[in-house]
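Open the model in your viewer and keep the sequence panel beside it. This tour tells you what to select at each stop and what is found there.

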Amino acid sequence: MENKLVYTGKTKNVYALENGNYLLKFKDDCTGKDGVFDPGENSVGLTIDGVGDVNLRMSIYFFEKVNAAGIKTHYVSANLDDTTMEVLPAKPFGKGLEVICRHKAVGSFLRRYSDYIEEGADLPAYVETTFKNDEKGDPLVTKDGLIALGVMTDAQYEDVKVMTQKITKIVADDLKEKGLILYDIKFEFGYDKDGQVMLIDEIASGNMRVYKDGKYIDPMTLSKLFFA
């Protein structure tokens with residue numbers, strides 16, 4: 001029996017499985033603008049051959065590490081032959097929420113707060129949340145806003161924040177061993193039928209800004225360096 005397509009995303013398609021889980025099919029599309037990759041962009045800007053494969057490889061690597069650290073994720077298993085990942089069912093927060101953890105001041109953070117901070121300045125695993133909404137430019141939303149809008153509870157927010165910082169440390173420490181510095185990373189979270197928070201989506205080079213010797217490393221180069 002063919003798996004039922006339930007959602008077509010920018011970088012992945014989602015299929016329903018008979019066992020109640022879901023299958024994510026990774027694509028070679030990346031977010032960006034004018035043919036240049038940008039993890040912070042809202043639309044697909046380019047297609048890079050093989051990016052789906054390396055995003056899945058990196059996701060498997062980190063999901064297994066995060067699961068082993070006792071942090072709840074939706075990851076079940078993966079198949080590199082058809083670039084798919086089986087995941088547990090999870091409800092997204094609202095209509096989609098992105099959670100960013102920042103170690104350095106770059107990107108949209110710098111654009112917003114350049115009156116107060118210099119480019120590349122250290123940040124204390126700073127966590128911020130934005131609604132996934134292309135038309136509105138992914139608006140920033142505070143903890144109080146998320147609670148007032150009924151998107152999540154106070155306890156869920158605290159879980160998201162703590163989990164974000166723990167997972168970011170796992171990724172950053174791993175990259176550091178390879179001489180790579182994580183500037184920021186973007187996650188998505190959801191919750192199970194009991195309201196328990198879990199990491200969903202992917203942990204891939206396309207969702208992080210990484211530098212080596214002060215120079216930005218593009219996702220495909222990062223994946224090659226990572227698995228070298």
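The tour begins with the whole chain and then moves through single residues.

**The whole chain**

Keep in mind throughout that this is a predicted model. Show the chain as a cartoon: its secondary structure comes to 5 helices and 16 strands. The radius of gyration is 17 Å, close to the 17 Å that the globule rule gives for 228 residues, so the chain is as compact as a globular protein of that length. Along the principal axes, the C-alpha atoms fill a box of roughly 55 × 45 × 35 Å.

Now switch on the surface. The protein chain exposes about 11800 Å², and carbon and sulfur atoms supply 49% of that area. Of the 228 residues, 47% count as buried. Among contacts with a separation of 6 or more, 54% are between residues 24 or more positions apart.

Colour the chain by charge next. There are 29 positive and 37 negative charges, and the mean positions of the two sets are 2 Å apart.

**Stop 1: threonine 83**

Select threonine 83, in the loop between strand E7 (75-79) and strand E8 (84-87). Is this residue buried or exposed? Its relative accessibility is 14%, so threonine 83 counts as buried, the limit being under 20%. Look at the backbone too: threonine 83 is not a glycine, yet its phi is positive, at about 55 degrees. To see what surrounds threonine 83, leave out residues up to four places away in sequence and show Leu24, Lys25, Phe26, Gly52, Asp53 and Leu56, which it touches.

**Stop 2: aspartate 29 and valine 51**

Go to strand E4 (residues 29-33), where you will find aspartate 29. Aspartate 29 counts as partly exposed, at 21% relative accessibility. Which residues is aspartate 29 in contact with, leaving aside its neighbours within four places in sequence? They are Lys10, Thr11, Val44, Leu46, Thr47 and Val51.

Follow that last contact and select valine 51, which lies in helix H1 (residues 51-68). With 1% relative accessibility, valine 51 counts as buried. Apart from residues up to four places away in sequence, valine 51 touches Lys27, Asp28, Asp29, Cys30 and Met220. For a distance across the model, draw a line from the C-alpha of valine 51 to that of glycine 137: they are 25 Å apart in space and 86 residues apart in sequence.

**Stop 3: aspartate 34**

Move along to aspartate 34, in the loop between E4 and strand E5 (36-37). Is aspartate 34 buried or exposed? Its relative accessible area is 74%, so aspartate 34 is exposed, the limit being over 50%. Between the C-alpha atoms of aspartate 34 and glutamate 128 there are 27 Å in space, and the two residues are 94 apart in sequence.

**Stop 4: alanine 125**

From aspartate 29, draw another line to alanine 125: the C-alpha atoms are 29 Å apart, with the two positions 96 residues apart in sequence numbering. Alanine 125 is in strand E11 (residues 122-131). It counts as buried, at 18% relative accessibility. Check its backbone angle as well: phi of alanine 125 is near 50 degrees, a positive value in a residue other than glycine.

**Stop 5: histidine 103**

Alanine 125 is one of the residues that histidine 103 touches, so select histidine 103 next. It lies in strand E10 (residues 97-104) and is partly exposed, with a relative accessible area of 23%. What else does histidine 103 touch, not counting residues up to four places away in sequence? Besides Ala125, show Ala121, Asp122, Leu123, Thr168, Ala172, Leu182 and Tyr183. Then add lysine 212, which is 109 residues from histidine 103 in sequence and 14 Å from it in space, C-alpha to C-alpha.

**Stop 6: arginine 209**

The last selection is arginine 209, in strand E15 (residues 208-212). Arginine 209 is buried, with a relative accessible area of 15%. Which side chain does that of arginine 209 join in a polar contact? Show aspartate 184 as sticks: the polar contact between the two side chains is 2.7 Å.

How values were computed: Residues numbered from 1 in each chain as written. Predicted model: local features only at pLDDT ≥ 70, side-chain atom pairs only at ≥ 80, totals over all residues. Heavy atoms only, no water. Helix = DSSP H or I, 4+ residues; strand = E, 2+ residues; numbered from the N terminus. Rg over C-alpha atoms; globule rule 2.2 N^0.38 Å. Buried < 20%, exposed > 50% of the residue type's maximum accessible area, 1.4 Å probe, protein only. Contact = heavy atoms within 4.5 Å. Areas by Shrake-Rupley, 256 points an atom, 1.4 Å probe, with all protein chains shown as cover. Lys, Arg positive; Asp, Glu negative; His and termini not counted. Charge placed at Lys NZ, Arg CZ, Asp CG, Glu CD. Polar contact = N/O pair within 3.5 Å; in protein donor to acceptor, adjacent residues only side chain to side chain.
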